[in-house]
Amino acid sequence: MLHALRCYLLLVGAQARAQMQYRFNFFAQVFSMIATYMGQFIALSWLTDRFGSISGWKLEEVILFYALAILAWGFAVSLFFHLVSFEDQIREGLFDRALVRPLNPFVQLLAGQSPIAGTGQLVFSIAAFLWATGRAGVVWTPLKLLYLLGVAVGSALILGAALVTVSALGFFTRRTYTFYWSLVFPARQLVHYPLNIYSQVVQWLLTVGLPFAFINYYPAHVLLDRAADLPWPLLAYLTPLVGVVAFAAAYGLWCLGLRSYVGAGS
Amino acid sequence: MEDVMITVENLRKEFKILRRRPGFLGTLRSLLSPEYEVRTAVDGISFTIRRGELVGYIGPNGAGKSTTIKILTGIMVPTSGRVVVDGLVPYERRVENARRIGVVFGQRTQLWWDLPTIDSFELLRHIYRIPAGVYKQNLELFTDLLGLGEFLNTPVRQLSLGQRMRADLAAALLHNPRLVYLDEPTIGLDVVAKERIRRFIKEINRERGVTIILTTHDMQDIEKLCERMILIDHGRVVYDGPVEEVKRRFGQHRILVVDLEGAPEEVSVEGAEVIRRENGRVWLRFNRDEISAAQLIHRVGQRYNIVDLTLEEPEIEGIIARIYEEGV
C-alpha cells in the first residue's frame with residue numbers, strides 16, 4: 001500500500017516534469033476554457049435575466065450551482081481525465097507494460113497523468129467559484145469551509161468514479177471515448193442547472209444512477225442555508241460518502257474488467 | 001526439477017471474435033444475439049526450458065508467438081494447459097512473476113517518452129524496489145557495456161532507435177531478473193547496432209546466467225545467439241532443437257546456378273528442378289542426398305555448354321522461409 005502510494009507520487013511527479021516541456025499547451029488550454037465558459041455564463045445570465053429566475057433560483061444562485069460543478073470538474077480533470085483515452089492504451093498495447101511490472105496496474109493507470117494537465121481548469125474553477133460565492137452572498141463560517149472541503153473531495157471522487165467506470169468499460173468493449181461523450185458529458189451538462197427544473201426520473205437518475213446531483217445541487221443548499229428546503233435534508237451531507245462508495249464500486253468494476261481483459265486476450 | 005525455468009504443457013489459447021454484421025440493424029442484432037467466431041492461436045504447445053538457456057522462439061506472423069509470450073509473462077490467461085515459470089503460474093501470480101522477469105518489446109518502449117533516460121531507470125528502481133547497491137552496480141555495468149553514458153540525460157523521444165533499444169535492454173535488466181523475454185530487440189536497427197545488442201545479450205546470458213527467450217524475424221540473431229530454437233507455425237511446435245540441426249534436417253536442398261551458352265529454350269536436367277530462369281542463367285535446386293554437386297554439373301555439362309557456375313549453400317534464412325511457406 002505504502003509502496004503503491006510512493007510509486008503513484010513518483011510517477012505523477014515524473015509526468016509533471018514531462019508536461020512542463022509543453023508549456024504552451026497549458027496557456028492554450030486556459031484561454032480556450034475561459035472562452036467556452038464565458039459563453040455558457042452569458043447564455044445562463046441571459047436566461048435568468050429574461051425570466052427573473054429558474055424554478056425559484058435567482059441568477060446568483062444558479063451561478064453557484066454552476067461554479068460548484070466546475071470546481072469539482074477542476075479536481076477530477078487534474079486527477080482522472082486521462083482515463084477517457086484508455087482505449088488508445090489498450091489498442092496500442094501500451095497497457096500491457098503495466099501488467100509486466102510489479103505494481104498494481106490501476107495505480108499505474110491513475111499515475112498516467114500529471115495534475116498539471118488539469119491546472120488550467122482547476123485555476124479557472126477556483127476563481128469562478130470564489131466569484132460566484134461572493135455574488136450569491138454565501139456567508140462563510142469555519143464549519144462551512146470544512147464542509148466545502150468534504151464536498152470537494154467527495155465530488156472529485158464521484159466524477160473520478162464515473163471516469164474509472166468509463167475506463168473499465170473499455171476493457172469489455174475496447175471503447176472509452178464514446179462512453180464519456182454519451183454518458184458522463186451529458187450528465188455533467190445537466191447538473192449545470194438546478195435539479196428541480198427536471199422531471200422526477202431525471203432527478204432520480206442524477207441522484208442514484210450517475211449521482212452528479214451530490215456534486216453541486218445538494219451541497220449548494222447548505223452553502224445557501226437552505227438545506228431545510230430539500231425533501232430529505234440529509235442528502236445535502238452525503239457527498240463524501242457517496243464519493244467513496246461510488247469510487248470503490250467503480251474500482252470493483254475496473255478489476256472485473258481487468259480479469260476479463262487478461263482472460264479474453266486481444 | 002531445480003534446473004527447469006519454464007514448463008509449458010499442452011498450452012491452448014482460443015480467441016472469441018465477435019462476428020460483426022454490416023449496417024446499423026446488423027450492429028443492433030450483434031448486440032442482442034452476439035455470434036462468435038473461435039480462432040485458435042495456440043494449439044497444444046509443449047516445451048521445457050532450462051535455467052541459463054538462450055532460446056530462439058520463432059515463427060511467422062500470426063503463428064502464436066506473442067500469444068505464448070503474453071501467457072508466459074502473465075498478461076493473458078490460457079484456455080487450457082499448464083504453464084509454470086520459475087515455480088509460479090504467471091497469470092495466477094502476476095505481480096510476483098513480474099518481479100522476477102524482464103521484458104523488452106522491441107516495437108514499443110518501456111521508457112517514459114518525455115523524460116531523460118536516467119529518470120526512467122530511477123522510476124523503475126522504485127517500482128521494482130531495487131536495493132541501492134544493486135542499482136548502482138547494474139547501472140554502471142550497463143552504462144559501460146551498452147555505452148549509455150552519451151545519452152543518459154537525453155529525453156527518450158530524442159534517442160535514435162539503436163540508443164532507445166539499448167536503454168530498453170538496460171531498463172529490463174536493472175532488477176536482476178532471472179528470466180528475460182526479448183521480443184524483436186534488433187528490429188529496424190543497422191548492422192553495427194544489431195551487433196552491439198547481440199554482444200550484450202550473449203554477455204548477460206553467459207556471465208549472469210540469465211535465461212533468455214528471444215523472438216525475432218532476423219535469422220542472424222538466431223544463428224549468432226541461440227543454440228536452440230523453437231519454431232512454431234499455426235499454433236503448434238514444428239521444430240524444437242539445435243539451430244544447426246535445422247540446416248541438416250530441412251536444408252538438404254542446394255542450388256546450382258549455371259550460365260548456359262546461347263540461352264536454350266528448354267532446360268531440364270535429371271535429378272534437379274529448375275526454379276528460376278533469366279536469359280541464359282538457370283537456377284537448379286537439387287537434394288544433396290540424391291545427387292552430388294559434381295554429378296549434377298557433369299550432367300548439365302553433357303547437354304549444354306556451361307559458361308559459368310556458382311553453388312548456393314542453404315542459409316537458415318531461406319530454410320525458415322521455406323518452412324513458413326510450405327510447412328515442414
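This passage describes how strands and helices are arranged in chain B of a predicted model.

Six strands of chain B form an open sheet. Their order is 5-6-7-3-8-9, and the pairing is mixed. Two strands of chain B stand at the edges: strand 5, residues 101-105, and strand 9, residues 236-242. Each has a single partner strand, so one side of each is left without a neighbour in the sheet. Neighbouring strands of this sheet are turned by 15° against each other on average, with direction ignored.

At one of these edges, strand 5 of chain B pairs with strand 6 of chain B, which spans residues 179-183. The two strands run parallel and are joined by five bridges. B:Val104 has B:Leu182, in strand 6 of chain B, as its bridge partner.

Helices also pack on the sheet. Helix 6 of chain B, residues 161-173, touches strand 5 and strand 6 of chain B. The direction of helix 6 makes about 165° with that of strand 5 of chain B. Helix 9 of chain B, residues 243-250, touches strand 8 (228-233) and strand 9 of chain B. The direction of helix 9 makes about 110° with that of strand 9 of chain B.

Strand 1 of chain B covers residues 4-18. It runs antiparallel to strand 2 of chain B, residues 36-50, and 12 bridges join the two. Within this pairing, B:Thr48 of strand 2 is the bridge partner of B:Thr7. Strand 1 of chain B also pairs with strand 4 of chain B, residues 80-85. This pairing is antiparallel too, over five bridges. Here B:Ser80, in strand 4 of chain B, is the bridge partner of B:Arg12.

Terms used:
Residues numbered from 1 in each chain as written. Chains lettered and ligands numbered in written order. Predicted model: local features only at pLDDT ≥ 70, side-chain atom pairs only at ≥ 80, totals over all residues. Heavy atoms only, no water. Pairing = 2+ DSSP bridges. Helix = DSSP H or I, 4+ residues; strand = E, 2+ residues; numbered from the N terminus. Axes fitted to C-alpha atoms, helices over the stretch in contact; angles between N-to-C directions. Contact = heavy atoms within 4.5 Å.
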